[in-house]
Amino acid sequence: MRILVVEDEVDLARTLHTGLTAEGYSVDLAHDGRQGLWMARTGTYAAVVLDLMLPGLNGYKVCAQLRRESNATPILVLTAKNGEWDQTEALDTGADDYLAKPFSYLVLVARLRALVRRAAAVAPPVLAVGDLSLDVAARVCRRAGARVDLTPREFAVLELLARRAGQAVSKADLLYHAWPDDALDPNLVEARVSVLRKKVDAPFHRQSLQTVRGIGYRLVDDRERG
């Protein structure tokens with residue numbers, strides 16, 4: 001079971017890594033908000049332990065962005081900001097629980113277990129656009145029942161298009177979603193969409209990935225054209 005810890009205090013992050021690994025978790029670390037956002041988007045995590053005061057992108061924004069994208073991974077906020085307004089804002093932006101520093105490690109582990117138990121009772125989202133499906137938790141893409149192997153970047157691009165199926169999605173939005181650390185060059189999106197068409201459209205004689213001139217792309221159910 002994988003846990004993502006997004007914490008810029010390196011010593012604390014290492015301590016959490018050691019402790020949670022001893023509890024049987026597989027732990028990934030991120031030390032800034034943008035890296036944490038990218039990893040939370042592209043990995044399959046049972047929960048995220050998220051600091052609020054992060055370089056690059058603060059924890060509030062990371063949490064809010066994940067929830068806007070319908071990412072339901074449980075989030076435990078772990079922070080030195082322990083005022084009631086800070087707690088309220090964290091919960092209102094989509095965090096599932098809140099633990100102030102300094103904290104009891106036993107309480108942290110117990111709260112993580114509770115979050116994971118609750119999340120396990122909810123089926124992970126599967127996005128479907130026609131016969132194209134994306135299992136967000138397993139990071140698996142299928143078309144007409146056949147598995148389509150995608151890189152993490154390709155999956156991220158297709159996932160955002162699937163979440164906004166039928167809508168025009170700008171290249172800027174796709175860049176920010178799939179390249180949070182390097183969201184500058186629209187050619188990155190064009191290249192990935194070109195590859196996606198070869199993987200999810202061409203072998204199935206489809207044209208579901210459409211170009212919207214002057215904006216970006218949209219993903220549609222085009223089975224009636226197949």
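In this predicted model, helix 6 lies across strand 6, strand 7 and strand 8, and its course makes about 115 degrees with strand 7. These strands belong to an open sheet of four strands, ordered 6-7-8-9 and paired in the antiparallel sense. Strand 6 (126-129) and strand 9 occupy the edges, each with a single partner strand, so one side of each is left without a neighbour in the sheet. From one strand to the next, the twist averages 25 degrees. Helix 8 (residues 186-201) also packs on this sheet, where it touches strand 7, strand 8 and strand 9, and its direction makes about 55 degrees with that of strand 8.

Within the four-stranded sheet, strand 7 (residues 132-135) is joined to strand 8 (residues 140-143) by four antiparallel bridges. In this pairing, D135 is placed opposite V140 of strand 8. The two strands form a hairpin with four residues between them, and R139 in the turn adopts a positive phi of about 60 degrees. Strand 8 pairs in turn with strand 9 (residues 146-148), again in the antiparallel sense, over three bridges. Here C141 stands opposite V148 in strand 9. The hairpin of strand 8 and strand 9 has two residues between the strands. A144 is located in the loop that separates strand 8 from strand 9, and its phi, near 50 degrees, is a positive value in a residue other than glycine. Most residues other than glycine have a negative phi, and most peptide bonds are trans.

An exception to the trans form is found elsewhere in the chain: the peptide bond from K101 to P102 is cis, with omega near -10 degrees. P102 is situated in the loop between strand 5 (97-100) and helix 5 (105-120).

A further open sheet contains three strands in the order 10-12-11, with antiparallel pairing. Its edge strands are strand 10 (169-170) and strand 11 (209-212), each of which pairs on one side only. Strand 10 and strand 12 (residues 216-219) are linked by two bridges in the antiparallel sense. V169 has Y217 of strand 12 as its bridge partner. Helix 6 packs on this sheet and touches strand 10, strand 11 and strand 12, its direction making about 65 degrees with that of strand 12. Helix 6 thus has contacts with strands of the three-stranded sheet and lies across strands of the four-stranded sheet.

Helix 6 is also packed against another helix. Helix 2 (residues 33-42) and helix 6 (residues 152-163) meet at an angle of about 80 degrees, with their axes 10 Å apart. Because angles of 65 to 115 degrees count as roughly perpendicular, helix 2 is roughly perpendicular to helix 6. On the helix 2 side, the contact involves W38, R41 and T42, which meet P152, R153, A156 and E159 in helix 6. The residues of this contact comprise three nonpolar, one polar and three charged. R153 lies over the face of W38, at 4.2 Å from the ring centre. A search of the whole structure for aromatic pairs, by contrast, finds zero.

Helix 2 additionally packs with helix 7 (residues 171-178), at an angle of about 90 degrees and with the axes 9 Å apart. This angle makes helix 2 roughly perpendicular to helix 7. The contact brings R34, L37, W38 and R41 of helix 2 to Y176, H177 and A178 of helix 7. Its residues divide into four nonpolar, one polar and two charged. W38 and R41 in helix 2 take part in the contact with helix 6 and also in that with helix 7.

Conventions:
Residues are numbered from 1 along each chain as its sequence is written. This is a predicted model: local features need pLDDT of at least 70, side-chain atom pairs count only at pLDDT 80 or more; totals for chains, interfaces and linings use all residues. Side-chain values use heavy atoms; hydrogens and water are left out. Rings of Phe, Tyr and Trp (its six-membered ring) pair if their centres lie within 6.5 Å; planes under 30 degrees apart count as stacked, over 60 as edge-to-face and the rest as tilted. A charge sits over a ring if NZ of Lys or CZ of Arg is within 6 Å of the ring centre and within 35 degrees of the ring normal. Two strands pair if DSSP finds at least two bridges between them. Axes are lines fitted to C-alpha atoms, for helices over the stretch in contact, and angles run from 0 to 180 degrees between N-to-C directions. Angles under 35 degrees count as roughly parallel, over 145 as roughly antiparallel, 65 to 115 as roughly perpendicular and the rest as oblique. Contact means heavy atoms within 4.5 Å. Ala, Val, Leu, Ile, Met, Phe, Trp, Tyr, Cys and Pro count as nonpolar, Asp, Glu, Lys and Arg as charged, and the others, Gly among them, as polar.
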